[in-house]
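Hi,

Here is the structure I promised to pass on to you. Have a look at it first, and then read on for my notes.

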Amino acid sequence: MVGTDRSKTADQAVLWAAQFAERYGAELFVVQVILPQHPSTTEFGAAEHTRAAVANDELGNFVRQIAGERGHSVAVIDRDPASAILHAAEQEAIDVLVVGNSGMAGRKEFLLGNVPNRISHNSRCTVIIVNTRSAAAGPGAEFLHASKPSVESSVSPPHLGARAAHIATVMAKHGLKELFGRPEISNASIRRQQAQRLRAALEELGPTFSKLGQVLSTRPDLLPPEYIEELAMLQNHVPPMPESEVVQVAEQELRVPWEDVFESIDSKPLAAGTIAQVHRATLETGDRVVIKVQRPTARAEIEQDLGLLEIFAQKVGQRPALNQVINMEAVFQHLSTSLHRELDFHQEIGNIDRMRTVLADYDHLAVPSVHHKLSTSRLLVMEEIQGVPIAQAPESPERIEAARQLLESYYKQIMVDGFFHADPHPGNLMWWNDRIYILDFGMVGAVDANVREHLLLLLMALWKEDVDFLSDVTLMMTGSLDRSDLDIPLFKREIGEIMAKYRKAALVEMQIGPLLQEMSAIGFRHGVPLPASLTLAAKALAQVQLATANLDPKLDPYEVAGKFLMRVTVKRMGAALDPKTLLYQSQKLKVRAERVVEAIEHLIGARPGQKLVVNFRANSLEEIVRRTGRRLTLGLTAAASILASGFTATSATAAEWIPVTFGVVAGLLIVGLFLDLIWER
């Protein structure tokens, strides 16, 4: 088979193929691809089919002239010439496919739409690319590129049952059966032993389960502290991919030979993880880059293990003993979401672009630039940061300022933008050109608006050392203000001890991140765990504050937080004074005031319709009856006083002091009713 677009150079390839076929007594099949006149349309109209019919007649006459009875031809309409030729070759079971090298001049250029390159790379048969630049291309013309069929090794995934049996064997070996049935799991020492056995089992089960454990170590809201500490020590023991696999994935994603894009790829990986491997490389333009290549088997292996975990969660997730330790449904959902996100590099590319916008105001912070045209869901090509770890940054004013900006940027990421880099360990922070570059955006966190508002109040309470307000804000964040079973004095005392501990520490140890982590542990013990997004943010703050303390030991995180909060508050006040905002807020206040008036009118019976309904909860029937009777008496008496005040005020015979007296009595009763409500809280 030979492909053509009936151009002069393409016809040279057809003539060469005809002579080649004649020499070996083979049949010749010529395919002409016609590009549609309106590529955006989904269906081709009558005019397009007429063009194809005319082209078929002309092509048939041409092929019969050069190949006689051994010649066959077809003209097709397609937006993608390479795909059309490959499809035709498969349908006709072609042995040798011939194409001209039109458009291939210079392999130093990345030609994503280069038809010959794509055909040679994706064809399942031998491909000959003919040098049609010569004046008279014949059978002796130069072969620029030839590819022979390659038999790719195909390793079928292990049977699901065998994998499940292996997992069960490892779990039993490490004694994890106790985890799902013993009542002593509330004991901290027992949990520690089980956590150690779980870590050992996950390491033995291989890279995927190690990754699952690492993801879980970021969720203290799902697991007790003992498990979090153990799982955080999990390490990936993953052998690096061979060079052939790296090249295979890269070429599959680029759709051209890797040499068309890269001048070189360093054979030694910078890092080898469960999902991907990272290499240094140089583009043909000379730019130094880092490429992240996904393992060919990563998706299949993770999908298989997630399928088994889903079955496991459904089978044992309802056991009360297990649920005291692990919320299996939440665990599975979090794992599935996190791993699928990491399998799609487009997610990481989006995270990098978004973080670049977040850091735009900080001149000493940056993220690597992404080569978007070369990046796909399984291949990520980024600028190489040619610096050193931040611990090796030279002493300078720029280093001091960069430390402050890094810490402040995390307050901004978490409390203003609600989007933050969730893994700022030292390996992901590099110093280059007087800037801190933040790397690896596979793990990010999100904080919703409600949690951000509470977090602002929480940091203000920390800044002012207000234990009572800090405790109240913490309970507000967890929705636990009305919990009757919560020991509030003990909770406040423990929060106060944590605050005192950190405010009395040395400057380098005054870290807000660890403080939030300990507050999260206190909440977990009292059955009021902080939101998942906040616990992840606390861990990120702990990591970044450790990094900034190394850069500048004199940096006070509370001072940075306080000044940042002041700027944010002033900015919000300025925004609130905007005329449009004032008008909007005034209308909201007007509507709410009208609703309050309507509620009072319903209460006193001055407006028909449904009366005020009071929902309450108490510990005993006697207390409910006593409190309800007291409030009804106060409310009815106040309502009667308001009515009496109104009637006597309109009466011509009543003295002036009478309506005033009734009004004062009504006001006092209403104040008493409000005090009674507040006193209960």
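Leaving aside residues up to four places away in sequence, which residues does phenylalanine 29 touch? Before the answer, please keep in mind that this is a predicted model.

**Strand 2**

Phenylalanine 29 touches Met1, Val2, His72, Val74, Glu92 and Ile94, again not counting residues up to four places away in sequence. The residue is found in strand 2. With a relative accessible area of 15%, phenylalanine 29 is buried, because buried means under 20%. Alanine 67 is 38 residues from phenylalanine 29 in sequence, and the two C-alpha atoms are 9.6 Å apart in space.

Glutamine 32 also has its place in strand 2, which covers residues 28-34. Is glutamine 32 buried or exposed? At 9% relative accessibility, glutamine 32 counts as buried. Beyond residues up to four places away in sequence, the neighbours that glutamine 32 touches are Thr4, Arg6, Ala55, Leu59, Val74, Ala75 and Val76. Val74 is thus a contact of phenylalanine 29 and also of glutamine 32.

**A four-stranded sheet**

Further along there is an open sheet of four strands, with the order 11-16-15-13 and mixed pairing. Strand 11 (365-366) and strand 13 (388-389) stand at its edges; each has a single partner strand, so one side of each is left without a neighbour in the sheet. The partner of strand 13 is strand 15 (residues 429-432): the two run antiparallel and are joined by two bridges. In that pairing, proline 389 has methionine 430 of strand 15 as its bridge partner.

**Positive phi values**

Most residues other than glycine have a negative phi, so I looked out for exceptions. Here is what turned up:

- Alanine 93 is not a glycine, yet it has a positive phi of about 55°. It is found in the loop between helix 3 (81-91) and strand 4 (96-100), and it is exposed, with a relative accessible area of 57%.
- Asparagine 433 likewise has a positive phi of about 55° without being a glycine. Its place is in the loop between strand 15 and strand 16 (435-438), and at 55% relative accessibility it counts as exposed.
- Arginine 255 takes a positive phi of about 70° just after helix 9.
- Glycine 418 takes a positive phi of about 70° just after helix 14.

**Helices 9 and 14**

Helix 9 (residues 243-254) has 12 residues and reaches 16 Å from its first C-alpha to its last, close to the 16 Å expected at 1.5 Å a residue. Which residues of helix 9 are buried? They are Val246, Val249, Ala250, Glu251, Glu253 and Leu254. The buried residues of helix 9 pack against helix 4 (115-122) and against four strands: strand 7 (262-265), strand 9 (276-283), strand 10 (288-294) and strand 12 (379-383).

Helix 14 (residues 397-417) has 21 residues. From its first C-alpha to its last, helix 14 reaches 28 Å, close to the 30 Å expected at 1.5 Å a residue.

**A nonpolar patch**

Last, a point about the surface. Leu457, Phe469 and Met476 make a nonpolar surface patch of about 210 Å². Methionine 476 lies in helix 16 (residues 467-478) and is partly exposed, with a relative accessible area of 33%.

Enjoy browsing it!

Best wishes

Technical notes: Residues are numbered from 1 along each chain as its sequence is written. This is a predicted model: local features need pLDDT of at least 70, side-chain atom pairs count only at pLDDT 80 or more; totals for chains, interfaces and linings use all residues. Side-chain values use heavy atoms; hydrogens and water are left out. Buried means under 20% relative accessible area, exposed over 50%, partly exposed in between (1.4 Å probe, protein chains only). Contact means heavy atoms within 4.5 Å. Two strands pair if DSSP finds at least two bridges between them. Patches are made of residues with over 30% relative accessible area and no salt bridge: like charges are joined within 9 Å, nonpolar side chains (Val, Leu, Ile, Met, Phe, Trp, Tyr) within 5 Å. Accessible areas come from the Shrake-Rupley method with a 1.4 Å probe; for residues, only the protein chains shown count as cover. A salt bridge is a side-chain nitrogen of Lys or Arg within 4 Å of a carboxyl oxygen of Asp or Glu. The expected span of a helix is 1.5 Å times one less than its number of residues.
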